[in-house]
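Here's a quick tour for anyone meeting this structure for the first time. Have a look at the picture, then read on.

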Amino acid sequence: MNYISISLYKKVVDHAIHEGMNRDDFKNLPTPIDTIGRLKAVPAEHFFELHEILDEKLGPGFSVRVGQEMKIEDYGVLGLSWRTCSWAGEIFERSERYFKLLSNTYVFTVEKNANQSRIFLHREPHRRGLELSNEATLSATVVVLQAMTETDMAPVQVTFKHDAPKDMGSYQKAFKCPVLFNQPSYSITYRTSDLEARTAKADASINQFLVERVEEETNGLQVSIGKLSSDVESLIKDALPSGIPSIQQICNHIGMSNRTFTRRLSENGVTFRDLIRKTQKELSKNLLKNSNRSIAEIAFETGFSEQSAFNRAFKRWTGHSPTEFRKVSR
């Protein structure tokens, strides 16, 4: 059975209460709201049933309205990883990796061309609640991308496979673009240039790095290998949820050629692979010691596409499996 994060279930309930419902209206839910504090997830079918109940009681567009209230932190580890994306469209790459590793609840693919990029949400509806959940997902995509870029970027088209509602007001307010129903797919389309825009976080960190390099050059200083390694390890850590970054990606960030970067590291007996391995090892040990994240989530955050590969690498680094290390380090 598929499951949905309890934070998303709670978000839907809270917004329904905000729109006028009260706790007594939820008495007959298959997952009662008074159990929310004790759960980490709910069966997906319970989540879809909740959507159906609220659509009937609160009218067309509730799912779109609740999608507009979503915050990055509502998505747990995946949401945290979005905060370190370098460009807006990277959230879909990270989402694809995350769901391949941890769940089959959502599947995104991106069809990109020079002018527009279309993001497909592959969740075939077997009931009305899943149709409504798809509406909420595409609505939330809009606010998440705006939060990451700190802009008002908007899609150019949204499509749904199901019938149009009687009232389109919530859809027009949320998407601010043509919204088409009875289409072959669920999708949201953006200008490619918007999805390639740097995120606010990436701009800030890269600008800080470049300012420091300019100051060092102005003062006739050469950045120490320790400082360079530290900065690069930070960039690697941010990039790992998208998979192991290439040396070219990192060099693009720090404004240094591959040749110069590799020479600076080799002069001090360090390789780029060494920095990757060190970052993965330190990050995984810290997460195992100081968080309650699952082993699969930690594998995702440290750049692995399979939990088994993470288990083998960690055993090689420490002599312990991740589970054993967590037990002995707490």
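Is Glu45 buried, partly exposed or exposed? With a relative accessibility of 29%, Glu45 falls in the partly exposed class. Keep in mind that you're looking at a predicted model. Glu45 is a handy place to start, since its side chain forms a salt bridge with the side chain of Arg127.

**The Glu45 salt bridge**
- The N-to-O distance between Glu45 and Arg127 is 2.7 Å.
- Glu45 sits in helix α2 (residues 44–58), while Arg127 is in the loop between β4 (116–121) and α6 (128–149), so this pair ties together parts that lie 82 residues apart in sequence.
- Arg127 is partly exposed too, at 23% relative accessibility.
- Glu52 joins in as well: Glu45, Glu52 and Arg127 make up a network of salt bridges.

**Other salt bridges**
- Overall, the structure has 17 salt bridges.
- As a bit of background, side chains of opposite charge can pair when their charged atoms come close.
- One of the salt bridges joins Arg94 to Glu90, with 3.4 Å between the closest N and O atoms.
- Arg94 and Glu90 are 4 residues apart in helix α5 (residues 90–102), which means about one helical turn separates them.
- Arg94 is buried, at 0% relative accessibility, and Glu90 is buried at 3%.
- Another salt bridge pairs Asp194 with Arg191, and here the closest N and O atoms are 3.3 Å apart.
- In that pair, Asp194 counts as buried at 19% relative accessibility, just inside the cut-off of under 20%, whereas Arg191 is partly exposed at 40%.

**Helix α2 and its two sides**
- α2 runs for 15 residues and spans 21 Å from its first C-alpha to its last, close to the 21 Å expected at 1.5 Å a residue.
- Which residues of α2 are buried? They are Ala44, Phe47, Phe48, Leu50, His51, Leu54, Asp55 and Leu58.
- These buried residues cover an arc of only 155° around the axis, so they end up on the same side of α2.
- A general point helps here: an α-helix has 3.6 residues a turn, so residues three or four places apart point the same way.
- Glu56 and Lys57 are exposed on the other side of α2.

**What surrounds α2**
- The buried residues of α2 pack against β1 (3–5), α1 (6–18), β2 (41–43), α3 (62–68) and α6.
- After α2 comes Gly59, which has a positive phi, near 90°.

Note on methods
Residues are numbered from 1 along each chain as its sequence is written. This is a predicted model: local features need pLDDT of at least 70, side-chain atom pairs count only at pLDDT 80 or more; totals for chains, interfaces and linings use all residues. Side-chain values use heavy atoms; hydrogens and water are left out. A salt bridge is a side-chain nitrogen of Lys or Arg within 4 Å of a carboxyl oxygen of Asp or Glu. Buried means under 20% relative accessible area, exposed over 50%, partly exposed in between (1.4 Å probe, protein chains only). The expected span of a helix is 1.5 Å times one less than its number of residues. The arc is that of the directions from the helix axis to the C-beta atoms. Contact means heavy atoms within 4.5 Å.
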